[in-house]
Amino acid sequence: MLNLEGITTRKGRKFLIQYVHRILTNEAYVTRHYFNLRDSRTKKLKPKECWIALKTPRIVSDIEFNAVRDRLNHNHPLRTAPRIVNSNILLTGLVHCSYCNSRMKIQTGKSGAYKYYKCAKRADGGNAVCTGCSMRMEKLDDLVMNSVLDRTLAPNRLDELLTPLVERANDRQKLHRDKIRSLKSDKREIKNQLDVLWQQIGAKDLQLDASLKSYIEKMQRKYENILRAISRLEFQNSTPLTKFSSSQKHSFSSELRTRLSCKEQPKFRKSYLKSLLSRIEVSEDSIKITGSNMALANLASNFVQAKKLVPTFEQEWRTRGDSNA
Ligand SMILES: [Zn+2]
């Protein structure tokens, strides 16, 4: 997007993904800039205690900076708990004990022939810590997968799920666009006012006393807040949701079914499932599956646009649609 808009780096080059990553993770924007990172001889990174911190002007709030960092960590397959992303176990990271909320982990039965999902607290601390159940891996995998295939990806059901979402999202995007327009006009107005003030101060028509200074700072903060609000709304509007024809819905559903059912490709299977579901809670008598309808809609939208299935890990749009298996 930066390159399309003709924005270049300080050196006039095009933006590469590495540069964007460096900017998004640079603590200098939240007032922390470090020196003395590397040994001048060996070029090796020194331990963080040896770094020298310098306070820089704040450009981004801590909240936003941390939100971006969490998001990057979450999205990055090499950073998000590799054991979860890389594990071929279908439901690790998704499945939780409904008694104590802790994750369920895989344990092998005494004979070694079967694997079980078991509450991690119970597995580590015994029955005194949690009485949550354990369940055969194949059994739980099949139950969850069948529920997704039958309940969510059945063509009629897909219709019910997607149509209202697409309509709502389109309405919301329209509202966002209006809001962005009005924010941009506010932004221009404040910018003009500030320009006039600075001109008057420059020409010595106005004296920059304490009260004027605090007024300008207030305007500046308002200006920055508006900028932030605009970029947030533009980001939210950047995923267009398409209306789906019934043939598109049909091919999306059959493509996704094929991927989800393909046991020979456990990693793909898992990544698609993870892009649809956010949580599974297990007790002796119930399995509660929570998914994100919006993630489903985004996946379908991407499929229609890209003509192929791309797993997404969009968490921000989550709407909780429960379906009990
Ligand atoms: Zn438990």
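This passage describes a three-stranded sheet with its packed helix, and a pair of packed helices. The model is predicted: local features need pLDDT of at least 70, side-chain atom pairs count only at pLDDT 80 or more, and totals for chains, interfaces and linings use all residues. Residues are numbered from 1 along each chain as its sequence is written.

Three strands make up an open sheet, ordered 4-5-6, with antiparallel pairing. Helices (H or I, at least four residues) and strands (E, at least two) are DSSP runs, numbered from the N terminus. Two strands pair if DSSP finds at least two bridges between them. Strand 4 (104–108) and strand 6 (134–136) are the edges; each has a single partner strand, so one side of each lacks a neighbour in the sheet. On average, neighbouring strands are turned by 30° against each other, direction ignored. Strand 5 (residues 115–119) is joined to strand 6 by three bridges. Tyr-116 lies opposite Arg-136 of strand 6. Helix 5 (residues 137–152) packs on this sheet and touches strand 4, strand 5 and strand 6. Its direction makes about 85° with that of strand 6. Axes are lines fitted to C-alpha atoms, for helices over the stretch in contact; angles run from 0 to 180 degrees between N-to-C directions. Contact requires C-beta atoms, placed from the backbone, within 7 Å.

Helix 8 (residues 246–261) packs with helix 9 (residues 266–276) at about 125°, the axes 7 Å apart. Helix 8 contributes Leu-256, Arg-259 and Leu-260 to the contact; helix 9 contributes Phe-268, Arg-269, Tyr-272 and Leu-273.

Key. Two residues are in contact if their C-beta atoms, placed from the backbone, lie within 7 Å.
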